[in-house]
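Me: I have a protein model open and I would like to learn how to read it. Could you take me through it feature by feature?

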Amino acid sequence: MSVDQACQWRSFTPADITVLQYTIGQSINTLFEKIEKLHGKIFVSKALGYLTISKSGLSDSELEDVLSCDDDVLDELFTYWTPSIRRLPPLLLVRLKNELGNYLVDRGADGVRVFFWYHRLFLEAAKTRYCVNQRVSQGLHAGLADFFAGTWAEGLSKPYKDSKGASGTADRHVAAQPIKFDEIYNLRKLNNLPFHRITAGQVDLVKKECLCNFEFILAKLKAVGVRQVLDDLIEAHAMFPDDLQIQTVSEVLQLSQTSLAYNPDELPSHIIGRIRRTKGLKSLVSQCQKAQHGFLLPNLPVLNPTGGPLLHCLAEHTAEVTGIDMMSSGKKMVTCSYDNSVKIWDVSAGKLLHSFDNVGERPSKVMICYKNTIACVETMNSLIAFEIMTGVQQRFKLDLNMEKSCVCSTGENKTRLAIFSGTILKLRSARTGKQLGQEECSLLETGEEFGQGCVCTGCNTIIAISVGSRVILYDLPATQFYEDTIHIPEVDETIKDLVTCMAFCASDKRIVIGCGVSVTFYVIDLADKTIIQSLPGVKHDRMASFVRVTNDDRYLITASWEKIVIWDLKTSSRYPVLKHPTRAVTNVASVDGNIMATIASDAVVRLWDLSRDDASIHPGNNGFITPRDEKRHSASPIDSQLVTPIQEIDDDFHISEIYVTTNPRYVLLYGKVDRDGVKTQILRVYDLGTCRPIRQLKLDEGKSSYQVVMVGDRQTLVVEWTGRVRLLDLFIAKYVGQLSEYIPQNSTLPQDLVVLTNTSEVLSLSENRLSIKIFCLKTCKCTDTIDAGKPKKITGFVKNAAESTLVAATLKGPYLVFDLTSRRFIYHFDSASMNVKNFNESKLTDDDRYLVCREQSGDASQLVVWELKTRRVHVRLATDAYELDNNNISNTISLRKFVIVDNRTVLASYSDDSLRSHDLRSGQLLQEVKIRGGVLWVSLRPDSQYVFTYNNVIDDNVMRIWDKTTLQCLASYSPDFRPVAITMSQDGHCVLASFRQMSTPIIWRMYSMPRHTYKAVDWMKYPEIYGTTDIETNLSASEVETTVTTPVSSVTDVSSQQTEATTLVAEDTDAETEPKTPLPDDNITQTETKSTTTDERNTKTETKPVADEPTEQPEVGANKPTDCKAE
């Protein structure tokens, strides 16, 4: 720089100018003074000030536009003349850049070519000279923010007052700053606007334009990702810590980042579903409801809300997280994952600091060692140490067979590593990996060795390692093993307990040992090796593979299945404080018992604060908001018309299946009630229009699960594993018939039993599986038997939607084709050319032309289309990923699920995470989309434009709605919990699901969908076929001819005016002990003695009808059954 300055001197240059400065900073300031004299002090200071405080530099046009909006600059330039256009002359900026020459550098930023300071010293000097004053600095940031916000663009005139005091307005001809330029996102605006608004201290504007603006958040999510949006929110929260709106939006994105990272269009669902209190955020919620892209909303909140104990869901790992550890200060934590990476996190901000990739094969454990500066990671065949502070340096690597080794950190400040292998203990430095000592253990019995199955842990002075039901201790100061070992009590005389986890108390005077067989924690006094406290688990507890003790030695932290459990060591009390969204928690890191980091069998690290929302570790508090608990919160983030109040019969009822009826207003819920170890099977009729159950039917207690087949709106077939099938009238809450013959034991539905809705009949396999039986639903008698004349067992059958054709598969034999109209066998065809392993999932097209099956070859499979008319394979639906050789599949891509869209199209999901539609006639691939995690379940309702898919995997349980023609994803939803039952409503416009321990279904409606395809859901317009009275009946002790019904008082009071359905309600207390005689119009059959029981199923009983010509049941909002074929 001094050389450049000296080269500009001339022989006539004054002596006071030909002076070199003593420091670089002084030289830079001299240069700035010179430029200010040449081009004007205000112009230069503002130009260089804007450049200096910019986030990544400015382009020529950007700086020119910004300066054109700065009236201080223009007043200096236009002192002696007034131009027709109030704007900076572009030549001035060219001259300024020429003066600075090589001290500026061009580079790329956000897809634009910008210029910035070449060296850090110029940046520091410019900050000191032009931005040292906070007021001036905020003014510069405000000017840049106005530019990126487009405040004075698109012809808007900015007011001004010139140096003479005259006022006016003028268009500055500034470039517009939309969110998108056609299909390209405006990254300059998305990245710079929130930064400058925050730094300028403009909290209201940053919320209005950026952080509480739905369009801006969604655009930035799609353009750069959720992490950058969170960085803006974290920065804003640091600048404005008392702003509740910024904090709330930040928590929404923290909790939703796993979903939003892959499905940004779910943003409306998560904002509406998580914000508990909308004060100050009503505009944001309103913007979400008007989103351009479709989204799904449940009728009840099912997402973890803001303000609760769950702070962050960190989703930077791409595979299951296997190890976690936290610094003793609680400020940072380290995780490892099966994606072969190790990551370092800022706990308070929930932010990723460093990531080490490709550290080794399948990392399984991570430990923070050596004064919180080293992270040691166990992989399959090595032990690797990394610098936590720098995040760049690998300290050492030790080659170890971890299957035969056991490692823990020990010593004061965890400065040593203890490695057990064989019968040897080796001590190494946690900083350098250098071996410090070695000791052979003589306490092992013959054949015993350290390694897999052992658990070890260390403190300042002692190392403990388990061998079966014993714990061996090593004295670090004395460098020898203790002679006495700790013996865990036996479960009984024949069963020994097994140590699964251990942890030292902070005082180093006690050790906590968890045992997996007895599910008990023992607190051991290390002085005399005696048990001073025993903490037995409760029923259904599961011993975790970890245990943590807080720094104050007060609380013990562990897990049982999905629950985080805390034991108060002072009172020996057990408190389940959190319920994890996933099935099993694998590890927890915590320092004080309030801030916790948990990992489970997914790729997400979750951070919790139990001190929030009264979710502390004190008794009686549960910090996790389950779907059932959620509806008890009075504040709702959604408009009142989107949330329907609900009434429950029994909180102990847990849904396991949801069945739709032909009337879209009603669904049938099947589940269980577990009281005192006795499980009762329950059926409920649920009204989606009023969101309440209107029938509850208790089935047999203590028996295995039933299978249910709906028959229209008001009847259902209840199938037992023994093969008995009973007809249940849901309207009168009573069994009204039993099929005169048993179907095969352990039948699967609907492969072994289907309902023919056109003729009100039931189609089933005979008990010996050699023929097909047809039963009349009116009499429950067999009216026809279709026999193919081939003595081969039928394994299953499928029918077309028109109920005109049925195809049955036989065991290792041909396929049989039946005409259901004429009730006769037509022909058979040889299936040897198709390697179909599971015929039950095959499907027929409605025109009876094609049979679509899964063809299997090893682990691979594909669709094969059989043409019934020609009785041969029509086409195999191979994709570009398949390589067919002599009709054999030669790759490992497998078919998952498929549905028939129409007579020409089939939609299928594959194991390569794709969803494809094929043309059945030509075999051509029509559409293909890739889906993260793939699709495990596909559903399509008749006459619906939408296809529903669901992927029930641990880290991706997304439900999606697709346009069946274009395969465009119209809406998606990622719940925090995995549903136990999920289906599509009968009209195809809603999603119905239930979560664990829920007694009511959740209803997801679609919003902002294309108007030409979507119909608004209004279930109240459908007939109310069950009346207004709710009925509960106990069928557990009843057979077909006996039933007693009672009103459900917990749902609603029974009206004094009884309807036809309520005539069966008991009016006296003796009803349950004195069964009623069946009415003659109940269309039932009864035995001369008792009804057939499970033990009597092989005994033929003579039956007779109650009446030769039973009268028809009165019609109550439902059509009468059509006449059956004569017997």
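Me: Where should I begin: what share of the contacts in the protein with a separation of 6 or more comes from residues 24 or more positions apart?

Reply: A contact means heavy atoms within 4.5 Å. Here, residues 24 or more positions apart account for 52% of the contacts with a separation of 6 or more. Keep in mind that this is a predicted model: local features need pLDDT of at least 70, side-chain atom pairs count only at pLDDT 80 or more, and totals for chains, interfaces and linings use all residues. Residues are numbered from 1 along each chain as its sequence is written, and side-chain values use heavy atoms, with hydrogens and water left out.

Me: How many helices and strands are there in the protein?

Reply: Helices (H or I, at least four residues) and strands (E, at least two) are DSSP runs, numbered from the N terminus. This protein comes to 16 helices and 73 strands.

Me: And what percentage of the residues is buried?

Reply: Buried means under 20% relative accessible area, exposed means over 50%, and partly exposed is in between, with a 1.4 Å probe and protein chains only. Of the 1127 residues in the protein, 55% are buried. Try F450 as an example: its relative accessible area is 3%, so F450 is buried. You will find F450 in the loop between strand 20 (435-440) and strand 21 (456-458). Leaving aside residues up to four places away in sequence, F450 touches several others, including K404, F420, C441 and V467.

Me: Which residues of helix 10 are buried?

Reply: The general idea first: an α-helix has 3.6 residues a turn, so residues three or four places apart point the same way. In helix 10 (residues 203-211), the buried ones are V206, K207, C210 and L211. They cover an arc of only 110 degrees around the axis, which puts them on the same side of helix 10; the arc is that of the directions from the helix axis to the C-beta atoms. On the other side, D204 and K208 are exposed.

Me: What do the buried residues of helix 10 pack against?

Reply: They pack against helix 9 (187-199), helix 11 (214-223), helix 12 (226-239) and helix 13 (244-260).

Me: Now strands, please. Which strands pair with strand 36?

Reply: Two strands pair if DSSP finds at least two bridges between them. Strand 8 (residues 310-314) pairs with strand 36 in the antiparallel sense over 4 bridges, and L314 stands opposite V605 there. Strand 35 (residues 595-600) is also antiparallel to strand 36, over 5 bridges, with M596 opposite W608. Strands 35 and 36 form a hairpin that has 4 residues between them.

Me: How many residues of strand 36 are buried?

Reply: In strand 36 (residues 605-609), 5 of the 5 residues are buried, so it is largely enclosed by the rest of the structure. V605, L607 and D609 point one way, while R606 and W608 point the other way.

Me: In what order do strands 45, 46, 47 and 48 lie in their sheet?

Reply: These 4 strands form an open sheet in the order 45-46-47-48, with antiparallel pairing. Its edge strands, strand 45 (753-756) and strand 48 (782-786), each pair on one side only. Inside the sheet, 5 bridges join strand 46 (residues 761-765) to strand 47 (residues 772-776). One partnership to look up is E761 with C776 in strand 47.

Me: How many aromatic pairs does a search of the whole structure find?

Reply: Rings of Phe, Tyr and Trp (its six-membered ring) pair if their centres lie within 6.5 Å; planes under 30 degrees apart count as stacked, over 60 as edge-to-face and the rest as tilted. The search finds 19 such pairs. The rings of F295 and Y1007 have centres 5.7 Å apart and planes at 20 degrees, so the pair is stacked. F295 is in strand 7 (residues 295-298) and Y1007 in strand 69 (residues 1002-1007), 712 residues apart. Both F295 and Y1007 are buried. For F977 and F995, the centres are 5.7 Å apart and the planes at 65 degrees, so that pair is edge-to-face. Both F977 and F995 are buried.

Me: Where does the charged end of R362 sit?

Reply: A charge sits over a ring if NZ of Lys or CZ of Arg is within 6 Å of the ring centre and within 35 degrees of the ring normal. The charged end of R362 sits over the ring of Y338, 3.8 Å from its centre.
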